[in-house]
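Biologist: Got a minute to walk me through this model? I'd like to start with the hairpin.

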Amino acid sequence: MNLGSEGYMLVKHIHKDIKFSPLFIISCPIYSPHHLLEAGIMNLVYSDTSKLIRISDKLRYYRHKKALLQRDVADYAGIERTTYSSYEEGSRVYYPKEVMEKIADILDVDLSSISDDYNMFLYKGQ
């Protein structure tokens, strides 16, 4: 018997005896970084965000903090996962502003907190 979107009533009928029991189904996603060991190391090495200097480290740190996969961030930003992976590898000098704004949005941080001085200089049209 359905009692709404999340509630059910279990009915057990044996011979002439009827028993009722409420059942509520609660579902929630379980998030964890792709590599838990890597996330643990990031948290130990960078316990304070002021120690994060490189954009790649900032992206990785905040992604682990939100328990997201690279694929999750890349899909939200509208880029390939391999492209996002190159962002975290630190093989880039310039990061497109439109993409970084979307990444900052999914990571719940300001653009300035995941960027560096050089890219912020470029973003401001200097």
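Modeller: Sure. In the hairpin of strand 1 and strand 2, with two residues between the strands, His15 takes a positive phi near 55°. Strands here are DSSP E runs of at least two residues, helices are H or I runs of at least four, and both are numbered from the N terminus.

Biologist: Before we go on, where do these values come from?

Modeller: This is a predicted model, so local features need pLDDT of at least 70, side-chain atom pairs count only at pLDDT 80 or more, and totals for chains, interfaces and linings use all residues. Residues are numbered from 1 along each chain as its sequence is written, and side-chain values use heavy atoms, with hydrogens and water left out.

Biologist: Okay, back to the hairpin. How many bridges join strand 1 to strand 2?

Modeller: Eight, and the strands, residues 7–14 and 17–24, run antiparallel. Two strands pair if DSSP finds at least two bridges between them. As one example, Lys12 has Lys19 in strand 2 as its bridge partner.

Biologist: And the protein overall, what's the order of elements from the N terminus on?

Modeller: It runs β-β-α-α-α-α-α-α-α, which comes to seven helices and two strands. Of the 126 residues, 33% count as buried, where buried means under 20% relative accessible area, exposed over 50% and partly exposed in between, with a 1.4 Å probe and protein chains only.

Biologist: What share of the contacts is between residues 24 or more positions apart?

Modeller: 45% of the contacts with a separation of 6 or more. A contact means heavy atoms within 4.5 Å.

Biologist: Now helix 4. Which of its residues are buried?

Modeller: Tyr84, Ser85, Ser86, Tyr87 and Glu88, in a helix that spans residues 81–89. What covers them includes helix 2, helix 3 (70–77) and helix 5 (97–107). Just after helix 4, Gly90 takes a positive phi of about 80°.

Biologist: At what angle do helix 3 and helix 4 pack?

Modeller: About 110°, with the axes 8 Å apart. That makes helix 3 roughly perpendicular to helix 4. Axes are lines fitted to C-alpha atoms, for helices over the stretch in contact, and angles run from 0 to 180 degrees between N-to-C directions. Under 35 degrees counts as roughly parallel, over 145 as roughly antiparallel, 65 to 115 as roughly perpendicular and the rest as oblique.

Biologist: Who meets whom there?

Modeller: Gln70, Arg71, Val73 and Ala74 in helix 3 meet Arg81, Tyr84, Ser85 and Glu88 in helix 4. By class, this contact has three nonpolar, two polar and three charged residues. Ala, Val, Leu, Ile, Met, Phe, Trp, Tyr, Cys and Pro count as nonpolar, Asp, Glu, Lys and Arg as charged, and the others, Gly among them, as polar.

Biologist: How about helix 3 against helix 5?

Modeller: Those two pack at about 125°, with axes 9 Å apart. That makes helix 3 oblique to helix 5. The contact is made by Asp72, Val73, Tyr76 and Ala77 of helix 3 and Val99, Lys102, Ile103, Asp105, Ile106 and Leu107 of helix 5. It has seven nonpolar, no polar and three charged residues.

Biologist: Last one: is Ile55 buried or exposed?

Modeller: Buried, with a relative accessible area of 5%. Ile55 lies in helix 2, residues 55–65.

Biologist: What does Ile55 touch?

Modeller: Tyr95, Met100, Ile114, Ser115, Asp116 and Asn119, not counting residues up to four places away in sequence. Also, Ile55 and Glu88 are 33 residues apart in sequence and 7.5 Å apart in space, C-alpha to C-alpha.
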